[in-house]
Amino acid sequence: MTKTFEIDGKKIPYEEGQTIMQAASAAGVYIAHLCHNPQFTPHGSCKLCTVKVNGRNCSACTFPASEGQNVTNVSKELNEDREKITQMLFVEGNHFCPSCEKTGNCQLQAVAYHLNMTDNHYPHFFENREVDASHPDVMIDHNRCIFCTLCVRASEEVDGKNVFAISGRGIDKRLIVNSKSGLLKDSELDGNDCAAHICPTGAILIKRTGYSVPIGQRIYDHAHIDAVALASEGEVHDL
Amino acid sequence: MTSKKVKVATVSLAGCFGCHMSFLDLDERLVDLVEHVQFDRSPLTDIEHCSDDCDIGLIEGGVCNSENVHVLREFRKNCKILVAVGACAINGGLPAMRNHISLEDCLNEAYMDGIGIENPQIPNDIELPLLLDKVYPLHEVVKIDYFLPGCPPSADVFWAFLTDLLAGREPELPYELIHFD
Amino acid sequence: MHNYILQIAQENDFQSTRLLKILHAIQKRYFYIPDNAIEVLAEQLQLPRTHIQNVVAFYSFFHTQSSGKYTILISDSITDLMLGKSDLMSYFEQKLKVDIGSVRADGLVSLNNTSCTGMCDQGPAGLVNGYALTHLTKPRIDQIVNYVNRETPLAQWDSDLFRVDDNIVKPDLLLNEKPLHGHAITSTLTRGLSETLAEIELSGLRGRGGAGYTTAWKWKFCREENATQRYIICNADEGEPGTFKDRVLLNSYADSVFEGMTVAAAIVGATQGFLYLRGEYVHLLDKLEAVLEARRVSNLLGSNILQNGFDFDIEICLGAGAYICGEESALIESLEGKAGIPRNRPPYPVTQGYLGKPTVVNNVETYVAAANIAVHGGAWFADKGTSKSKGTKILSISGDCKARGIYEYAFGTTVKTILADCGAIDVLGVQVGGPSGVFISNDEFERKIAFEDLATGGSFIIFNHTRSILDVVHNFSHFFAHESCGFCTPCRVGTSLLKKQVDKIVEGHGSAGDIVALEELCQVIKNYSHCGLGQTAANPVLSSLERYPEIYQAMLKKISYEPGFDLDKSLETARRMANRDDAAAHLAQVEN
Ligand SMILES: Cc1cc2nc3c(=O)[nH]c(=O)nc-3n(C[C@H](O)[C@H](O)[C@H](O)COP(=O)(O)O)c2cc1C
Ligand code: SF4
Ligand code: SF4
Ligand code: FES
């Protein structure tokens, strides 16, 4: 007999050891997320995937599914708070979408659209962050990093290289690169590495590929992120 | 029908007039619009100051200097509903990309040490508005009621928003009209 | 340098888990962690250099640039501020001729703020090269400045500058007991391990670090895990501002602490223990090492303890300035030589803790209580307290009262009784449990110290009517923003936004919508943060807002909106460069 729990009243089958997110995705239920990618060890840091499990807030991407759980995923309260968390990410970094090559294909933006977010609500930090364009094929724009660690995990778990890490405490956190100079060009990163292609935002970009898809044909121009995420479940996003 | 027309004022602060151009893309829908709407202070009219009973203020661009602050305050004071229009109004946009350079460096580069500058001097005419240390989004300076994202928001965005508002509905943009670029 | 780093790495068996210890040693020698040292270490410990860079950046006490031969940090705890810290800080600045947050031009000395150093009963307090300075006054500052300018080695400074008093004012059950030298271990072994665990269960002992989990259950779960290796950890991070009782226990009852750990080890079957000592308490390190050594000599630690065939030893690990490392899973990460970032739970430490093995983490006071329960039995302890909170609680009392210090009370004691005992008059309210706890007003002094009413790790800060609630909230919001580990969005970004929003209101720039915005922000931080830090970071605002809404309202301007930044100040650069000061070169903060 398969074990099940419920999300918003729908029965979800699961296997022992699966997280709520894994079981939900397999059952075709989208739970908003940014730091999660089914390829890698869950991280649990962006908090967008917060759902209510028997009334208590839990991160769906790390919380184990168990028999009979009653999970609320979509509610006015949860979605409004997810919007606020997304707005926090927007004011923390410098997200000038019109000048970003990732625009239209960016998961941060797409989650914002999905949540009906039209403004950033909070005061902006306008922190001074750098751009590292030293590498021949890949560039980092730190203004757009949301500290999801997907590049860190991809480099470690798939590429076996440890090119990236997140360093520092609190609001001073920064993405750092494993090379003596601290520059990407002196690291082991190759343009074909998984880590170079995994960033959900425009923080890590492949050079000379920008704006190649016309407006109207980009991933999220017409499709909601829920449909896109469910359809590409289990595949590497190379956007 | 003689019901009073809705008064709309518009202005561009630290913006590029792109949002206004996009507004004009309403084309023939503008004809329908002016049935219900009367333009007050706006680059589209010659009115220099808002009358005190404007219904809707549409503001393009962020706040980069003291004059922007005064104009924004005039709008807030005279418009019942204030709308931040476009990326620059919402998060400072392209002009705010100067925010990570100190104003001192910006001014020096532009007027003192830049290549090809003759007679270097920081302009100091008292008629000129002074620059703020940063370019600020509108909502950090006055209270904003609605936001129309986009760079620029398409004519459809203006249309959807204004027709909702005119019909007395809570404005809501469909998925395809919410975009930040 | 290369050889020195090599030697340090070797002394630590090239173990990456010892990274903090290694970095402390390097910094002691060079006054900062040089880039080269990181390169050498990365190679020797076989770690990515980014791992070491992250650790250095994460902990407040490590620097990547020299902070001078003398690094002076002054405690920014609200209690130090109440004792006149701000004045003394300016005096320091002026006498040392260095700005707060910077290194003096000659590179000799730096001055900065630091989070509460756990000396609230004897502040204003600070640290010089990590060592506690207490009872700061202008004459003592003159003394310090002289030493610094003459480059006198710390060892030759007047030892009274470093005097740390216990200030035990009211002992009870635990503090009246003598430190234990084997008695709890023999009692445990004689009675039997399961039987002793039963006594601890009977005692009703719950964790003293804040969360209040039943100690016997924690030990039982750890014991029942299928594993070859288990660990016992004592949490002596004591970072909650206003708490200092663990410092006193470690100073005068260290044997009982270690004995409690040893009893736990015997019961759960662990052979290795760690005492995680907050960096601010480095002054206790040598003394604690000596206690451990004496216990080894007496065969109370080491192999075949008391000829009973069980092995256990304890290693002391020093933190480096991070409040979050008091959270048990962050503490474990730190012990493993990493940045202190709380883990995802489940799994809990009792199933997967240090190096993935079942681990018991308890507070210092919990071990002292457990050791004494092992001697006297569960009933001895359970006799005191309330039905849900057995035994006594040791409080650290500071703020506006006559006798600051350590007080031990049976659970169920009212705040009123405590205030009378410590000579507090004209009281406005009490912060119970530190910034992460709750502010109670003078209408609530019949409330009791107990898990079912006012739960507390021991911090008890008293405010009289000359104090402003908003100053307190302001100080606490800055504390949390500074201490957020930054792992999760709601806390990383939220605590910084909260700091800004509180500043805005406290500085008089708040307007109609700002309280609603404040409350809304608090709820997001509280409900969505990953760990206890974020989940409690909004408590100071929420608990004061609930009790004193009028104080907040009174700060608001009767207008619909005011900017959160200083408009006129933002024209300053332009004014200066254009050499203007006419009326049009200024902006009013609000329209008039
Ligand atoms: C931010 C944070 C800081 C903490 N600081 C401490 C501390 O300094 N000392 C402590 O014993 N427990 C602290 N705790 C509680 C520990 O996580 C843990 O519950 C405790 O050490 C367990 O021991 P106990 O059961 O004996 O209380 C803290 C928790 C959080 C969330
Ligand atoms: S660079 Fe991109 S993938 Fe890496 S942490 Fe930042 S946002 Fe995530
Ligand atoms: S709540 Fe704060 S301290 Fe805790 S994990 Fe999140 S960022 Fe770190
Ligand atoms: S997706 Fe779960 S916390 Fe980020």
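In this predicted model, let's start in chain C, with helix α18 (residues 469-483) and helix α22 (residues 539-547), which pack at an angle of about 160°, their axes lying 9 Å apart. Since angles over 145 degrees count as roughly antiparallel, that angle makes α18(C) roughly antiparallel to α22(C). The crossing of the two helices, α18(C) and α22(C), is left-handed.

Which residues make this contact? From α18(C) come C:Ile469, C:Val473, C:Phe476, C:Ser477 and C:Phe480, while α22(C) brings C:Pro540, C:Val541 and C:Ser544. Sorted by class, the contact between α18(C) and α22(C) has six nonpolar residues and two polar ones, with no charged residues. If you would like to follow along on screen, C:Phe476 and C:Phe480 are among the residues to pick out on the α18(C) side, with C:Val541 one of those on the α22(C) side.

Staying in chain C, have a look at C:Leu285, which belongs to helix α13 (residues 285-297). What does C:Leu285 touch once its neighbours within four places in sequence are left aside? The residues in contact with C:Leu285 are then C:Leu277, C:Ile316 and C:Leu318. You can also locate C:Leu285 relative to C:Asn251: these two are 34 residues apart along the chain, and their C-alpha atoms are separated by 9.8 Å.

Now let's move to chain B. Its secondary structure comes to six helices and seven strands. Reading from the N terminus, the elements of chain B follow the order β-α-α-β-β-β-α-β-α-α-β-β-α, so to speak a strand at the start and a helix at the end. The C-alpha trace of chain B spans about 60 × 35 × 30 Å along its principal axes.

Chain B also meets chain A. That contact takes 24 residues from chain B and 30 residues from chain A. The area buried between chain B and chain A is about 2200 Å², and carbon and sulfur atoms give 61% of it. Which three residues supply more than any other three of the area that chain B buries against chain A? They are B:Tyr175, B:Phe180 and B:Asp181, which together supply 34% of that area.

B:Asp181 deserves a second look here. Between chain B and chain A the count is one salt bridge, and B:Asp181 forms a salt bridge with A:Arg218, the closest N and O atoms being 2.7 Å apart. B:Asp181 thus appears in both parts of the picture, as one of the three residues named for buried area and as the chain B partner of A:Arg218.

Key:
Residues are numbered from 1 along each chain as its sequence is written. Chains are lettered from A and ligands numbered from 1 in the order in which they are written. This is a predicted model: local features need pLDDT of at least 70, side-chain atom pairs count only at pLDDT 80 or more; totals for chains, interfaces and linings use all residues. Side-chain values use heavy atoms; hydrogens and water are left out. Axes are lines fitted to C-alpha atoms, for helices over the stretch in contact, and angles run from 0 to 180 degrees between N-to-C directions. Helices (H or I, at least four residues) and strands (E, at least two) are DSSP runs, numbered from the N terminus. Angles under 35 degrees count as roughly parallel, over 145 as roughly antiparallel, 65 to 115 as roughly perpendicular and the rest as oblique. A crossing is left-handed if the near helix is turned anticlockwise from the far one by less than a right angle, and right-handed if clockwise. Contact means heavy atoms within 4.5 Å. Ala, Val, Leu, Ile, Met, Phe, Trp, Tyr, Cys and Pro count as nonpolar, Asp, Glu, Lys and Arg as charged, and the others, Gly among them, as polar. Buried area is the accessible area (1.4 Å probe) that two parts lose on being put together, summed over both. A salt bridge is a side-chain nitrogen of Lys or Arg within 4 Å of a carboxyl oxygen of Asp or Glu.
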